[in-house]
Amino acid sequence: MDASALGTFLQFLINGLALGSIYGLIAIGYTMVYGIIRMINFAHGEIYMIGAFVAVTTFSILAGAGVTSVPLALLLVLLIAIAFTAAYGWTVERVAYRPLRGAPKLAPLISAIGMSILLQNYVMQTQGARPKPLAPVMNGGVTLWQGDGFAVNISYIQLFIILLTVTLMVGFTQLIGRTALGRAQRACEQDRTMAGLLGINVDRTISLTFVMGAALAAVAGVLVTMYYGVIDFYIGFLAGMKAFTAAVLGGIGSLPGAMLGGLLIGLIEALFTGYISGAYKDVASFSVLILVLVFRPTGLLGRPDIEKV
């Protein structure tokens, strides 16, 4: 491989890591909810979409108010997006899941799909069907390697996405592994009935898990808005399906697996787009899902469920 080809490959890797980090954040929300209630929250992609719309609106308001500091604007947008999507995540759990917790598993699944369609059409009616643009928030980047006729660059927004994702991943891992809330979540994952008998508020723990997943989806929505500079009401469906694919690929129920799956999906898309065709990148992602389900149904880092009798 000559230097130019190697440089091109490294550039695709950087692009894939940035995109995969966004998928990983959304996938963590899927896997956290599945870990506790053993159901997929198919409205999670729409929560991410709402976070993106809140980001565009908040950036526009701050620009009109004369806020020129990029760090301050980013902090405010992240906090506001997290607050809004956390409220939506809590509402989805209360409306679509809690009343059906004792019902057959198909009932909450249909309810979640219905909530997804409801949120998608709600945003379309309130925000319009046209794409919403956003002016660039971060410009410039760093040249990592420059050769004869080529350069490997990482933009500041890509660097910000990767660093923020790593920070959140480490933070959530510590939260689940070392805090009382994390212990309650792990207890509910193993046996909700026994956890309730031991004094754990199961309803509150499940609600907080939905809120935490929605907060991560909000961060992903803000990041994707800054990265691409344009969004529409339909972005939640496709991103949600890819994040679900990432969660299954990494091993649904595993936080590191969700992040690993997201990174792999992002890398697959970037490499497929660069070397073959961007028109079929989604085909590549879902083909990988099929292969994983056939040859390793538990995912790369997942463990098979052991049913005690």
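**Aromatic pairs, a buried helix face and one cavity**

Tyr-234 sits partly exposed, at a relative accessible area of 44%. In this predicted model, its partner in an aromatic pair is Phe-233; the two rings meet edge-to-face, 6.3 Å from centre to centre and with 70° between their planes. Phe-233 comes in at 16% relative accessibility, so this residue counts as buried, the cut-off being under 20%. The pair is one of eight aromatic pairs that turn up when the whole structure is searched. Elsewhere, Tyr-30, Phe-42 and Phe-244 come together as one aromatic cluster.

Turning to the helices, H5 runs over residues 156-178, 23 residues in all. From first C-alpha to last, H5 spans 32 Å, close to the 33 Å expected at 1.5 Å a residue. Its buried residues are Ile-157, Gln-158, Ile-161, Leu-164, Thr-165, Leu-168, Met-169, Phe-172 and Ile-176. The cover over these buried positions includes helices H1 (3-37), H6 (180-190), H8 and H10 (255-275), along with strand S3 (150-155).

As for empty space inside the protein, the structure has one cavity of 30 Å³ or more. The largest cavity holds about 50 Å³, and its lining is made up of Val-33, Asn-41, His-44, Ile-47, Gly-89, Val-92, Phe-210, Gly-213 and Ala-214. Helices H2 (44-64), H3 (70-97) and H8 (202-228) each put two or more residues into that lining, with H8 giving the largest share, three residues. Sorted by class, the lining has five nonpolar and four polar residues, and no charged ones. H8 thus appears twice here: in the cover of the buried residues of H5 and in the lining of the largest cavity.

Key:
Residues are numbered from 1 along each chain as its sequence is written. This is a predicted model: local features need pLDDT of at least 70, side-chain atom pairs count only at pLDDT 80 or more; totals for chains, interfaces and linings use all residues. Side-chain values use heavy atoms; hydrogens and water are left out. On a 1 Å grid over the protein atoms alone, a cavity is a set of points where a 1.4 Å probe fits but cannot get out, and a pocket is an open set with protein on both sides within 12 Å along at least five of seven lines; lining residues have an atom within 4 Å of a point. Grid points are joined across faces, edges and corners, and a volume is the space filled by probe spheres set on the points. Helices (H or I, at least four residues) and strands (E, at least two) are DSSP runs, numbered from the N terminus. Ala, Val, Leu, Ile, Met, Phe, Trp, Tyr, Cys and Pro count as nonpolar, Asp, Glu, Lys and Arg as charged, and the others, Gly among them, as polar. The expected span of a helix is 1.5 Å times one less than its number of residues. Buried means under 20% relative accessible area, exposed over 50%, partly exposed in between (1.4 Å probe, protein chains only). Contact means heavy atoms within 4.5 Å. Rings of Phe, Tyr and Trp (its six-membered ring) pair if their centres lie within 6.5 Å; planes under 30 degrees apart count as stacked, over 60 as edge-to-face and the rest as tilted.
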